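Let's walk through this fold together, one question at a time. Keep the viewer open as you read.

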Amino acid sequence: MAARNGCILLPVTWNDLFGEMDTSYRVNICGRECVVPYDNKLLRIYQYIDLELHIADLSLSLYCWNAQCHNCKSVILDRESGRPKEVLACQTQIYEGLQVVSPPIGLKFTDGGETPPHPPPGPPRGLLP
Ligand code: FES
């Protein structure tokens, strides 16, 4: 363990952050088909597409990771009804075929494609009309 500027630096590996990399899900994030490590929350996947796939930039300092700030609010297509649904990415477990249609504030795509509008601020409203 090393110390620098009064901070203790813990060794962090990809597996520490994202879990085992040998099993993956296919998800669609705003039109981008992505193969991502399974058993993760959606917010962690946003971090993955920034740090590993290099198709997005995520402002990590905006997120509390514990359902308090609502900054991670995203719109996905509900698995059963297919309707848009607002969720907190830090509380949403990913699954095969997950589709995100609106990313949280603090995420913008860097792949040259468009970043869809972010959901309005405030707590998630669940299924949208
Ligand atoms: S990161 Fe703060 S509510 Fe999800």
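The questions below go from the whole chain to its sheet, a helix and some loop residues.

Q: How many helices and strands does the protein chain have?
A: Please keep in mind that this is a predicted model, where local features need pLDDT of at least 70, side-chain atom pairs count only at pLDDT 80 or more, and totals for chains, interfaces and linings use all residues. Residues are numbered from 1 along each chain as its sequence is written. Helices (H or I, at least four residues) and strands (E, at least two) are DSSP runs, numbered from the N terminus. From that end the elements read β-β-α-β-β-α-β-β-β-β-β-β, and the count is two helices and 10 strands.

Q: In what order do the six strands of the open sheet stand?
A: Strands count as paired if DSSP finds at least two bridges between them. Strand 3 (residues 24–29) and strand 4 are antiparallel over six bridges, while strand 6 and strand 8 (residues 99–102) are antiparallel over two. Strand 7 also pairs with strand 10 (residues 126–127), again antiparallel and over two bridges. The pairing in the open sheet is mixed, and the order is 4-3-8-6-7-10.

Q: Which strands stand at the edges of this sheet?
A: Look for strands that have a single partner strand, so one side is left without a neighbour in the sheet. The two that fit are strand 4 and strand 10.

Q: Which residue in strand 7 is the bridge partner of Lys73?
A: Strand 6 (residues 73–77) and strand 7 (residues 84–88) run antiparallel and are joined by five bridges. Their hairpin has six residues between the strands, and there Gly82 takes a positive phi near 80 degrees. Across from Lys73, the bridge partner in strand 7 is Leu88.

Q: Which residue takes a positive phi in the hairpin of strand 3 and strand 4?
A: Within the paired strands, Val27 stands opposite Cys34 of strand 4. The hairpin has two residues between the strands, and a positive phi near 55 degrees is taken by Cys30.

Q: How many of the 10 residues of helix 2 are buried?
A: A residue is buried if 20 or more other C-beta atoms lie within 10 Å of its own, exposed if 12 or fewer, and partly exposed in between, with C-beta atoms placed from the backbone. Helix 2 has Leu42, Tyr46 and Ile49 among its buried residues. The helix is mostly covered, and the number is seven.

Q: Why does Asp39 count as exposed?
A: Asp39 is found in the loop between strand 4 and helix 2. Asp39 is not a glycine, yet has a positive phi of about 60 degrees. Asp39 is exposed because the number of other C-beta atoms within 10 Å is 12.

Q: How far apart in space are Asn40 and Ile94, C-alpha to C-alpha?
A: Asn40 is found in the loop between strand 4 (32–37) and helix 2 (42–51). Contact here means that the C-beta atoms of two residues, placed from the backbone, lie within 7 Å. Not counting residues up to four places away in sequence, Asn40 touches Phe18, Gly19, Ile45 and Ile94. Asn40 and Ile94 are 54 residues apart in sequence, and their distance in space is 6.1 Å.
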